[in-house]
Amino acid sequence: MAKSEEMTVIRDNVGQLLFGRSHTESASKHRCVTCGGTADKFTDALSQKEYSLSGMCQVCQDGFFNDE
């Protein structure tokens, strides 16, 4: 399912405001929008899908979704 242009703009603006990086630019370079690190290795398909939504690499996802 394609993202609407409005949603893409909102996601890019939020990324820029919070982290200084747009989601679109980060994704095109396989970088994490949160930390700026490489985002090319994921533990499973769900983590890969989360990257497509949030732009967070595996390390940032692990920190954000930590159950402890």
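## Ser28 and its surroundings

In this predicted model, S28 is exposed, because its relative accessible area of 55% lies over the 50% cut-off. The residue belongs to helix 2, which covers residues 23–28. If you would like a partner to orient yourself by, try S54: the two serines are 26 residues apart in sequence, and 14 Å separates them in space, C-alpha to C-alpha. S54 belongs to the lining of the largest pocket, which has its own section below.

Helix 2 is followed by a loop that leads to helix 3 (45–54), and H30 sits in that loop. How much of H30 is accessible? Its relative accessible area is 49%, so H30 counts as partly exposed, the class that runs between the 20% and 50% cut-offs. The backbone here deserves a look too: H30 has a positive phi of about 55 degrees, although this residue is not a glycine. Most residues other than glycine have a negative phi.

## The salt bridge

How many salt bridges does a search of the whole structure find? There is one, and it joins K29 to E25, with 3.1 Å between the closest N and O atoms. E25 is partly exposed, because its relative accessibility of 44% falls between the two cut-offs.

## A nonpolar patch on the surface

Now turn to helix 1, which spans residues 5–19. A nonpolar surface patch is formed by M7, I10, V14, L17, L18 and F19, and together these residues have about 610 Å² of accessible area. Three members make a handy tour. M7 is in helix 1 and is partly exposed, at 44% relative accessibility. I10 is also placed in helix 1, and its relative accessible area of 47% makes it partly exposed. L17, again in helix 1, is exposed, because its relative accessibility of 76% is over 50%.

Two distances help to place this patch against later parts of the chain. M7 and F65 are 58 residues apart along the chain, and their C-alpha atoms are separated by 23 Å. For I10 and V59, which are 49 residues apart, the C-alpha separation is 24 Å.

## The largest pocket

Which residues line the largest pocket? The lining is made up of R11, V14, G15, L18, F19, H23, V33, T34, S54 and M56. The space in this pocket comes to about 160 Å³. Sorted by class, the lining has five nonpolar, four polar and one charged residues.

Helix 1 gives the largest share of that lining, with five residues. V14, L18 and F19 are among the lining residues, and they also appear in the nonpolar surface patch. If you are browsing the structure, these residues make a good link between the two views: V14, L18 and F19 can be followed from the patch to the pocket lining. From there, S54 in the lining leads back to S28, 14 Å away, C-alpha to C-alpha.

Conventions:
Residues are numbered from 1 along each chain as its sequence is written. This is a predicted model: local features need pLDDT of at least 70, side-chain atom pairs count only at pLDDT 80 or more; totals for chains, interfaces and linings use all residues. Side-chain values use heavy atoms; hydrogens and water are left out. On a 1 Å grid over the protein atoms alone, a cavity is a set of points where a 1.4 Å probe fits but cannot get out, and a pocket is an open set with protein on both sides within 12 Å along at least five of seven lines; lining residues have an atom within 4 Å of a point. Grid points are joined across faces, edges and corners, and a volume is the space filled by probe spheres set on the points. Helices (H or I, at least four residues) and strands (E, at least two) are DSSP runs, numbered from the N terminus. Ala, Val, Leu, Ile, Met, Phe, Trp, Tyr, Cys and Pro count as nonpolar, Asp, Glu, Lys and Arg as charged, and the others, Gly among them, as polar. Patches are made of residues with over 30% relative accessible area and no salt bridge: like charges are joined within 9 Å, nonpolar side chains (Val, Leu, Ile, Met, Phe, Trp, Tyr) within 5 Å. Accessible areas come from the Shrake-Rupley method with a 1.4 Å probe; for residues, only the protein chains shown count as cover. A salt bridge is a side-chain nitrogen of Lys or Arg within 4 Å of a carboxyl oxygen of Asp or Glu. Buried means under 20% relative accessible area, exposed over 50%, partly exposed in between (1.4 Å probe, protein chains only).
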